[in-house]
Structure formats: C-alpha cells, structure tokens
Amino acid sequence: MKPTHIEHIGIAVNSIAEALPFYEKVLGLKCYNIEEVANQKVKTAFFMIGQTKIELLESTDPEGPVGRFIEKRGEGIHHIAFAVDQIEERLREAEAAGIRLIDTAPRKGAEGLSIAFLHPRSTFGVLTELCEDKKNENNK
Ligand code: ZN
C-alpha cells in the first residue's frame with residue numbers, strides 16, 4: 001500500500017474548547033481550522049506538526065461514531081490516518097488482503113480529503129483511515 005506519511009492522528013475529546021488550551025498553550029501549536037463534518041457527526045479542530053496533523057474530534061451526536069467511542073472507551077486516540085495515492089485502488093488491495101472495510105468506497109472527510117476507514121478488528125485494534133488529498137494531484 002505504501003502510505004507516504006501519517007496524514008493525521010484523530011483524538012476523541014469531550015470538548016474541543018476544553019482541549020484547545022493544552023494544544024495551544026502547553027504544546028504551543030496553532031489551531032488553524034475548526035470544521036464540522038456532518039456525515040461523521042463530529043466537530044474537528046486541526047493542528048499541524050511537520051506534515052502530520054492532529055485532529056481533535058468532538059462528537060455532535062451521542063449516537064455518532066465518536067460519541068459511541070467516548071461512551072465505551074473514554075477520551076483518547078481514536079484513529080490513525082495514512083496518506084495514500086489512488087485511494088480506490090488501495091481499498092481494493094486491502095479488501096483483497098482480507099481486511100474488513102468500514103467504507104467500501106471513499107467518502108468526503110474534513111478538509112476536502114477522500115477518506116475510508118478499515119475496521120479495527122482487522123487492524124489490531126487501531127481504527128485505520130486511508131486518505132488522499134485529491135487537490136494535490138495536479139502538483140505531482
Ligand atoms: Zn481522520
């Protein structure tokens with residue numbers, strides 16, 4: 001599959017407003033974007049470190065995936081996202097390798113990325129996201 005880098009690490013928090021001072025004042029990172037992703041029932045806040053982002057995830061609906069995650073496991077690391085090229089093909093490769101897919105086709109994530117999740121039961125307990133920045137395709 002050869003991901004190029006870790007695109008982001010998703011961290012589930014009860015409240016972005018409460019978590020922000022740790023990331024901004026203690027770690028000294030700058031939140032550059034706060035965005036709601038309606039189809040995932042989350043509000044997201046982004047920080048850049050090198051070419052990797054931290055994505056804070058606050059649930060907007062207790063029945064949503066992050067709401068249920070926090071209910072079951074509390075705040076903490078929710079997923080790791082790998083940057084890949086040609087995400088559709090990478091998904092087919094994962095499927096052919098016997099990996100259970102949560103998304104059988106890519107969908108639109110925060111920041112306009114194409115994203116798809118692999119099931120943590122097939123990835124040793126870590127919810128794994130593949131993502132592709134289609135906007136960069138012309139720069140390659
Ligand atoms: Zn993500």
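Contact means heavy atoms within 4.5 Å. By that rule L29 touches Y23, E24, F47, M48 and I49, leaving aside residues up to four places away in sequence. The views below come from a predicted model, in which local features need pLDDT of at least 70 and side-chain atom pairs count only at pLDDT 80 or more, while totals for chains, interfaces and linings use all residues. Residues are numbered from 1 along each chain as its sequence is written, and side-chain values use heavy atoms, with hydrogens and water left out.

**View A. Eight strands make one open sheet.**
Strands (E, at least two residues) and helices (H or I, at least four residues) are DSSP runs, numbered from the N terminus. Two strands pair if DSSP finds at least two bridges between them. Strands of a sheet pair through backbone hydrogen bonds, either parallel or antiparallel. Here the pairing is mixed. Follow the order β2-β3-β4-β1-β5-β8-β7-β6 across the sheet. The edge strands are β2 and β6 (107–108), and each pairs on one side only.

**View B. β2 and β3 form a hairpin.**
The two strands run antiparallel, joined by six bridges. C31 stands opposite F47 in β3. Four residues lie between the strands. In this turn, K41 has a positive phi of about 55 degrees.

**View C. Strand β8 is mostly covered.**
Buried means under 20% relative accessible area, exposed means over 50%, and partly exposed lies in between (1.4 Å probe, protein chains only). Five of the five residues of β8 are buried. In a regular strand the side chains alternate between the two faces of the sheet. In β8, T128, L130 and E132 sit on one side, E129 and C131 on the other, and all are buried. Which neighbours flank this strand? β5 (residues 76–83) pairs with β8 (residues 128–132) in the parallel sense over four bridges. β7 (residues 114–118) pairs with β8 in the antiparallel sense over five bridges. A83 stands opposite C131, and F117 stands opposite E129.

**View D. Helix α2 lies across four strands, β1, β3, β4 and β5.**
The helix spans residues 65–73 and runs at about 135 degrees to β5. Axes are lines fitted to C-alpha atoms, for helices over the stretch in contact, and angles run from 0 to 180 degrees between N-to-C directions. The buried residues of α2 are V66, G67, F69 and I70. Seen down the helix axis, these residues fall within an arc of 160 degrees, so they line one face. The arc is that of the directions from the helix axis to the C-beta atoms. β1, β3, β4 and β5 are among what covers them. The face turned away carries the exposed residues E71 and K72. After α2 comes G74, with a positive phi near 80 degrees.

**View E. The largest nonpolar core has twelve residues.**
A nonpolar core is a set of buried Ala, Val, Leu, Ile, Met, Phe, Trp, Tyr and Cys residues joined through side-chain atoms within 4.5 Å. In soluble globular proteins, nonpolar side chains tend to be buried together. The twelve are I11, V13, I16, A19, L20, Y23, L29, C31, A45, F47, I54 and L56. β1, α1 (16–26), β3 and β4 each supply at least two of them. Which element gives the most to this core? α1 does, with four residues. Apart from this core lies another, of nine residues, including A12, F46, V66 and I70.

**View F. Three aromatic pairs are found.**
Rings of Phe, Tyr and Trp (its six-membered ring) pair if their centres lie within 6.5 Å; planes under 30 degrees apart count as stacked, over 60 as edge-to-face and the rest as tilted. F22 and Y23 make an edge-to-face pair, with 5.0 Å between centres and 80 degrees between planes. F22 is partly exposed at 41% relative accessibility, whereas Y23 is buried at 10%. Y32 and F46 make a tilted pair, at 6.1 Å and 40 degrees. Y32 lies in β2 (residues 31–37) and F46 in β3 (residues 42–49), so this pair ties together parts that are 14 residues apart in sequence. Y32 is partly exposed, at 39%, while F46 is buried, at 2%. F22, Y23 and F47 form one aromatic cluster.
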